[in-house]
Amino acid sequence: MEKLREKMVTEQIESRGVTDQRVLSAMRKVERHAFVPDQYRSEAYADHPLPIGHGQTISQPYIVALMTELCELQGDEKVLEIGTGSGYQAAVLALTAKEVYSIEIVESLGKRAREKLSGAGYDNVFVKIGDGYLGWPEKAPFDVIILTASPPQIPQLLIDQLKEGGILVAPEGEYIQQLVRLEKRNGIIHRRNITYVRFVPMIRGR
């Protein structure tokens with residue numbers, strides 16, 4: 001599996017322009033096969049997303065690396081992740097940031113991800129079952145916020161929980177989605193569109 005991971009990083013990620021050495025190191029270390037359902041383990045290092053149940057997916061490795069690089073993590077940040085899913089993105093963030101607070105609305109996925117992350121020793125990741133649209137106000141503000149599902153528009157409540165100087169990386173849109181990077185400077189949001197993407201919709205709480 002280690003050779004497959006190295007091939008994944010070299011051929012799928014570095015070759016497409018991801019250069020952040022801390023991100024590349026994390027992608028080499030995190031065992032993606034441990035976060036996919038057993039029937040898809042043979043495809044764990046392939047260049048595409050995989051289903052994880054409940055209509056959700058584990059993102060394509062390149063997209064995980066790209067989004068992590070856009071966060072510009074130095075290692076001392078407090079990160080909010082919306083959409084724990086399999087726990088894979090949280091594991092990558094755990095190796096590149098100080099603390100990761102992750103919210104998953106599908107209870108069974110959240111519990112499974114929490115167990116996998118804990119079992120693999122990612123003790124700086126904290127998983128909560130809840131509505132990502134609300135964020136995690138009691139832990140705010142965050143240096144970085146990352147969304148792994150696409151809302152029609154970035155929720156204002158999440159922008160409000162972003163620290164001054166903070167970065168938010170997310171897919172945005174419904175049928176047509178763009179990966180966007182927001183940065184809060186002097187209370188003003190500066191937005192950059194990165195590329196077109198396809199993510200599962202971000203689910204609202206009932």
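The following conversation between a trainee and a mentor goes through a predicted model.

Trainee: Let us start with the sheet. What is the order of the strands in the open sheet of seven strands?

Mentor: The order is β5-β4-β3-β6-β7-β8-β9, and the pairing is mixed.

Trainee: Which strands stand at the edges?

Mentor: Those are β5 (125–129) and β9 (188–197). Each has a single partner strand, so one side of each is left without a neighbour in the sheet.

Trainee: And by how many degrees are neighbouring strands turned against each other on average?

Mentor: The average is 15 degrees, with direction ignored.

Trainee: Does anything pack on the sheet? Which strands does helix α5 touch?

Mentor: Helix α5 (residues 107–119) touches β4 (99–104) and β5. The direction of α5 makes about 165 degrees with that of β5.

Trainee: Now β6, please. Are its residues mostly covered or exposed?

Mentor: Strand β6 (residues 142–147) is mostly covered, as six of its six residues are buried.

Trainee: How many bridges join β6 to β3, and in which sense do they run?

Mentor: Four bridges join β6 to strand β3 (residues 78–82), and the two run parallel. Across this pair, E81 is opposite I146 of β6.

Trainee: And how many bridges join β6 to β7?

Mentor: Four bridges join them, again in a parallel run. Here V144 is opposite I167 of β7.

Trainee: What about β7 and β8, parallel or antiparallel?

Mentor: Strand β7 (residues 162–172) pairs with strand β8 (residues 177–185) in the antiparallel sense, over six bridges. In this pair, E172 has Q178 of β8 as its bridge partner.

Trainee: Where is P141, and what is the peptide bond before it like, cis or trans?

Mentor: P141 lies in the loop between β5 and β6. The peptide bond from A140 to P141 is cis, with omega near 0 degrees.

Trainee: Changing topic to the helices. At what angle do α1 and α3 cross?

Mentor: The axes of α1 (residues 2–13) and α3 (residues 61–70) cross at roughly 75 degrees and come within 10 Å. The two helices are therefore roughly perpendicular to each other.

Trainee: Which residues make that contact?

Mentor: From α1 they are M8, Q12 and I13, and from α3 they are P61, Y62 and A65. By class, the contact has five nonpolar residues, one polar residue and no charged ones.

Trainee: How many residues of α3 are buried?

Mentor: Ten of its ten residues are buried. Among them are E69 and T68, together with I63, V64, L66 and M67.

Trainee: What comes just before α3, say at S59?

Mentor: S59 is in the loop between β2 (56–58) and α3. At 16% relative accessibility, S59 counts as buried, because the cut-off for buried is under 20%. Leaving aside neighbours within four places in sequence, S59 is in contact with R32, P49, V64 and F199.

Trainee: And just after α3, which residue takes a positive phi?

Mentor: E72 does, at about 55 degrees, although E72 is not a glycine. This residue is in the loop between α3 and β3 and counts as partly exposed, at 44% relative accessibility.

Trainee: Where is N186, and what is its phi?

Mentor: N186 is found in the loop between β8 and β9. Its phi is positive, about 55 degrees, although N186 is not a glycine. At 72% relative accessibility, N186 counts as exposed.

Trainee: Let us turn to the interior. Which residues touch the most other members of the largest nonpolar core?

Mentor: That core has 47 residues, and those touching the most other members are I13, M27, F35, Y88, L117, Y122 and V125. Helix α3 gives the most to this core, with seven residues.

Trainee: Which residues does Y88 touch?

Mentor: Not counting residues up to four places away in sequence, Y88 touches M8, M27, V30, R32, F35, I58 and V64.

Trainee: What does the second, separate core include?

Mentor: The second core has 20 residues, including Y133, A149, V180 and L182.

Trainee: Last one: is S118 buried or exposed?

Mentor: S118, which lies in helix α5, is exposed, with a relative accessible area of 54%. The C-alpha atoms of S118 and E174 are separated by 33 Å, and the two residues are 56 residues apart along the chain.

Methods
Residues numbered from 1 in each chain as written. Predicted model: local features only at pLDDT ≥ 70, side-chain atom pairs only at ≥ 80, totals over all residues. Heavy atoms only, no water. Axes fitted to C-alpha atoms, helices over the stretch in contact; angles between N-to-C directions. Parallel < 35°, antiparallel > 145°, perpendicular 65-115°, else oblique. Contact = heavy atoms within 4.5 Å. Nonpolar A, V, L, I, M, F, W, Y, C, P; charged D, E, K, R; others polar. Core = buried A, V, L, I, M, F, W, Y, C linked by side-chain atoms within 4.5 Å. Buried < 20%, exposed > 50% of the residue type's maximum accessible area, 1.4 Å probe, protein only. Pairing = 2+ DSSP bridges.
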